Amino acid sequence: MAGAISGRLGGHGSASGPHRFEATGEAPWVRYTLIAVAVLFLTLFLFVPLASVFYEALRKGVQTYWEALVEPDALAAIQLTLTVAAIAVPLNVVFGVAAAWAIAKFDFRGKNLLITLIDLPFSVSPVISGLVYVLLFGAQGWLGPWLEAHDIKIMFAVPGIVLATIFVTFPFVARELIPLMQAQGSEEEEAAIVLGASGWQTFRHITLPNIRWGLLYGVILCNARAMGEFGAVSVVSGHIRGLTNTMPLHVEILYNEYNFAAAFAVASLLTLLALITLGIKTLVEFRARKETEEAAPERPLASVPASVQGQAS
């Protein structure tokens, strides 16, 4: 059997020689054709649209481009977008880490239900989620009369935008951490507890270092979605210029008003933020892969940091 396999590999005893792809590889013309199709697809549907955004934004000159970005409504949209992301992302980090820790480390009644609820924003249209908030907090909603009587504004105000953004982005951190924590197991945490560490010390010295790259990756994805969310925010914002318009909504209004230069200028800023996010994501993936390759193949089950071991009495 070994000889037959060796013969199919071109006479080599292993698949590391110059013919290592003969058993499963395709003909060269097939590979080149697939590569050409992939490059053509990316060029038509990714590179050309990206280039056209910046071209249209700068077509009337840098002065027009700059004026579109420093216009008061545009500055208000930029500020609101960053503010909403600054509120939604940390809250989703706290929820995502807590949910992932509970799901990966413990068995409890309702675990499958919690997993289903985490996946809910992936299966529900953002517009529908926005309508749900209108049904709850709108003037004719279930809590609307009570909120109005106490002069609390949620719909068509910043709180409603924050709530909608949190809803559509909360799966990202949890969904990155759950499989990672499940793969790592709980042996190290159990060893730390046996040595006398508290729950917070175990999390800070063992769990958090083990998940830091996955956590950072989830934060990047969550932040990108928070800044670019359109559907749910469009429903709950009211489209009030200078007050409740985020950058995507401001782009839509400018485009509908045929102010194409300003619309593409703001869109180019969103695109630039997306490219920066993509660059950070690539760097995180590279650092995580490099650290994994440099790490020892197996860590001892009781490889607990000295700071935790010192807690043992």
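Is Arg-241 buried, exposed or partly exposed? At 33% relative accessibility, Arg-241 counts as partly exposed, because that class lies between under 20% for buried and over 50% for exposed. Keep in mind through all of these views that the model is predicted.

**View 1. Glu-257 and Arg-241 form a salt bridge.** Let us stay with Arg-241 and look at its partner. The closest N and O atoms of Glu-257 and Arg-241 are 2.6 Å apart. The pair links distant parts of the chain, with the two positions 16 residues apart in the numbering. Glu-257 sits in the loop between helix H13 (247-256) and helix H14 (260-294), while Arg-241 sits in the loop between helix H12 (231-237) and H13. Glu-257 has 44% relative accessibility, so this residue counts as partly exposed. Asp-73 belongs to the picture too: salt bridges that share partners join Asp-73, Arg-241 and Glu-257 into one network.

**View 2. Ala-74 and Arg-241 are 167 residues apart along the chain, with their C-alpha atoms separated by 8.9 Å.** Here we keep Arg-241 in the frame and turn to another residue. Ala-74 has its place in helix H4. Is Ala-74 buried or exposed? Ala-74 is buried, because its relative accessible area is 1% and the limit for buried is under 20%.

**View 3. Lys-105 of helix H4 meets Glu-189 of helix H10 in a salt bridge.** The closest N and O atoms of this pair are 3.4 Å apart. Lys-105 is in helix H4 (residues 72-105) and Glu-189 is in helix H10 (residues 187-194), so counted along the chain the two are 84 residues apart, and the pair links distant parts of it. Both Lys-105 and Glu-189 are buried. How many salt bridges does a search of the whole structure find? The search finds eight.

**View 4. Lys-111 and Asp-107 form a salt bridge between a buried and an exposed residue.** The closest N and O atoms of Lys-111 and Asp-107 are 3.2 Å apart. Lys-111 has 18% relative accessibility, so Lys-111 counts as buried. Asp-107 has 72% relative accessibility, so Asp-107 counts as exposed. The cut-offs explain the two labels, because buried means under 20% and exposed means over 50%.

**View 5. Helices H10 and H11 pack with their axes 10 Å apart.** Two packed helices are described by the angle between their axes and the distance between the axes. For H10 and helix H11 (residues 199-228), the angle is about 165°. H10 and H11 are therefore roughly antiparallel to each other, because angles over 145 degrees count that way. The crossing of H10 and H11 is right-handed. While you are here, look for Ala-191, which is found in helix H10. With 15% relative accessibility, Ala-191 counts as buried. Ala-191 and Thr-202 are eleven residues apart in sequence, and their C-alpha atoms are 9.4 Å apart in space.

**View 6. Helices H4 and H11 cross at roughly 140°.** H11 appears again, now beside H4. The axes of H4 and H11 come within 9 Å. Which word describes how H4 and H11 lie to each other? H4 and H11 are oblique to each other, because their angle does not reach the range over 145 degrees that counts as roughly antiparallel. The crossing of H4 and H11 is right-handed.

**View 7. Phe-156 and His-239 each have a positive phi in a residue other than glycine.** Now for the backbone. Phi of Phe-156 is near 60°, and phi of His-239 is near 55°. Phe-156 has its place in the loop between helix H7 (144-149) and helix H8 (158-169). His-239 is found in the loop between H12 and H13. At 42% relative accessibility, Phe-156 counts as partly exposed. His-239 is also partly exposed, with a relative accessible area of 30%.

**View 8. Seven residues make a nonpolar surface patch of about 720 Å².** Where should you look for the patch? The residues that make it are Leu-40, Phe-41, Leu-42, Leu-44, Phe-45, Leu-46 and Phe-47. One of them, Phe-41, is found in helix H2 (residues 28-58).

Note on methods:
Residues numbered from 1 in each chain as written. Predicted model: local features only at pLDDT ≥ 70, side-chain atom pairs only at ≥ 80, totals over all residues. Heavy atoms only, no water. Patch = residues over 30% accessible without salt bridge, like charges linked within 9 Å, V, L, I, M, F, W, Y side chains within 5 Å. Areas by Shrake-Rupley, 256 points an atom, 1.4 Å probe, with all protein chains shown as cover. Salt bridge = Lys/Arg side-chain N within 4 Å of Asp/Glu carboxyl O. Helix = DSSP H or I, 4+ residues; strand = E, 2+ residues; numbered from the N terminus. Buried < 20%, exposed > 50% of the residue type's maximum accessible area, 1.4 Å probe, protein only. Axes fitted to C-alpha atoms, helices over the stretch in contact; angles between N-to-C directions. Parallel < 35°, antiparallel > 145°, perpendicular 65-115°, else oblique. Left-handed = near helix turned anticlockwise from the far one by under 90°.
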